[in-house]
Amino acid sequence: MLHQRPADLTATKASALIPRDALKRAAMLLQAVIERRNTIPILSYIKVRISPEGITLTGTDLDNMLTVRLEAETEGEATVMLASAVLAGFAPIATGPVTLTLSAGNPKGNRPDMDVIQLSDGETAISVNDHMPVEDFPEVWPKKHISALRPAVTLTQDQTARLIRLCRHCISTEETRYYLNGIWMTTKPGAPTLRAVATNGHRMAVIDHDAEADFSASGDKGLIVPIKTIELLRLIIGKGGNEPVQFDCGKNFLSVAVGGITIHAKTIDGTFPDYTRVIPPPSGNLVAHLSGSALQRMWHAARAMREGSTGAELNFVEGRIGFQSPSFHEASFSMPLQARRAEGCTIDALGFNLGYLRDQGAITPTFTISTASADSPATIHSDDPDALWILMPMRL
């Protein structure tokens, strides 16, 4: 009969019957935290804990530790190391519930007696008896360090997804400015509510939420959450939902728990710049309304003309947005632009990075960009009243 436990349990130390879809998702999430190439062999393994409460899978890259707790029918108790490649190879092809069995092995030659780990869906089975000692798995964060964490903010999955979606494109990838390689989670000046900020020095996202937040346990006004932790969290929450996402913080340390999944992560040890100095006062001197679909078409045209990092000119006199292509004998491309210039303003056109405009249009299908002058930072607004973006102009 398919999917039943092994009949002979005389040599079995522990076993667990795990729902296929839950194990498949856990394997996918753990693959995201484990580096493909490791100079430390144990980091290519997952710590598997079987207990009466279910089964727990843990993987780490020394900066992030991901723990996935799954409901399972279990017998016995045991902890063992399983190669992540084995789980990643088996979980997606399983045709039904998966039985994980840990049995006593037989010594071979000079090799010590190693337990045998078997994964089976009733038809297909894989057995391994070459694994690492559990004692080698790194305990990056002692229990006393984790117990020192304090609640920072609680959001729903949908609310967390919104913050990530609206900030992610502004995160810097420049390693020399490492303190910009993440999202600054802090509080709004003058209010105890959550604010998320991300910038690469050329564009910036400032996203507010009315949830109360307290980052005092961090020893600073907030935490810089690294991009890899952000990407892990994005995978975990998926398409969103109403399940609570609990953020706890400590000194250079963050814990995020949603459902049966927990991330323990190091935050970036650096000082986030005073972003408030860059935010300009509101201005109606130059205002343009842009469409994400139109910017996407323009981007494709620029790429076809090998102008991937070109600047887009917003012409407030002609009511056009476009770019020139020196590679094709000064060929130009333009589209209609809904724009207005305040009375007395003498600026005819502004330049902005077309790629940055395209990225903005991908997350806000329509948006308004406004600025006071050709040298001033421009503000971007969408239909979300609690979201603001800043974009620096580009000389054409």
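Ser172 sits in the loop that runs between helix H4 (157–167) and strand S11 (182–187). Keep in mind that this is a predicted model. Below is a quick tour of that loop residue, then helix H5, then the largest pocket.

**Ser172 in its loop**
- Is Ser172 buried or exposed? Ser172 has just 4% relative accessibility, so it counts as buried, the cut-off for buried being under 20%.
- Leaving aside residues up to four places away in sequence, Ser172 touches Leu180, Asn181, Thr199 and Asn200.

**Helix H5 and what follows**
- Helix H5 spans residues 227–237, and its buried residues include Thr229, Ile230, Leu232, Leu233, Ile236 and Ile237.
- These residues are on the same side of H5, because they cover an arc of only 160° around the axis.
- That fits a general rule: an α-helix has 3.6 residues a turn, so residues three or four places apart point the same way.
- After H5 comes Gly238, which has a positive phi, near 55°.

**The largest pocket**
- The largest pocket holds about 330 Å³ of space.
- Which elements give two or more residues to its lining? They are strand S2 (45–51), strand S3 (54–60), strand S4 (64–70) and helix H3 (143–147).
- In total, 16 residues line the largest pocket, and Lys47, Thr56, Thr58, Thr67 and Arg69 are the ones that lie nearest its centre.
- By type, the lining of the largest pocket is a mix of six nonpolar, five polar and five charged residues.

Note on methods
Residues are numbered from 1 along each chain as its sequence is written. This is a predicted model: local features need pLDDT of at least 70, side-chain atom pairs count only at pLDDT 80 or more; totals for chains, interfaces and linings use all residues. Side-chain values use heavy atoms; hydrogens and water are left out. On a 1 Å grid over the protein atoms alone, a cavity is a set of points where a 1.4 Å probe fits but cannot get out, and a pocket is an open set with protein on both sides within 12 Å along at least five of seven lines; lining residues have an atom within 4 Å of a point. Grid points are joined across faces, edges and corners, and a volume is the space filled by probe spheres set on the points. Helices (H or I, at least four residues) and strands (E, at least two) are DSSP runs, numbered from the N terminus. Ala, Val, Leu, Ile, Met, Phe, Trp, Tyr, Cys and Pro count as nonpolar, Asp, Glu, Lys and Arg as charged, and the others, Gly among them, as polar. Buried means under 20% relative accessible area, exposed over 50%, partly exposed in between (1.4 Å probe, protein chains only). Contact means heavy atoms within 4.5 Å. The arc is that of the directions from the helix axis to the C-beta atoms.
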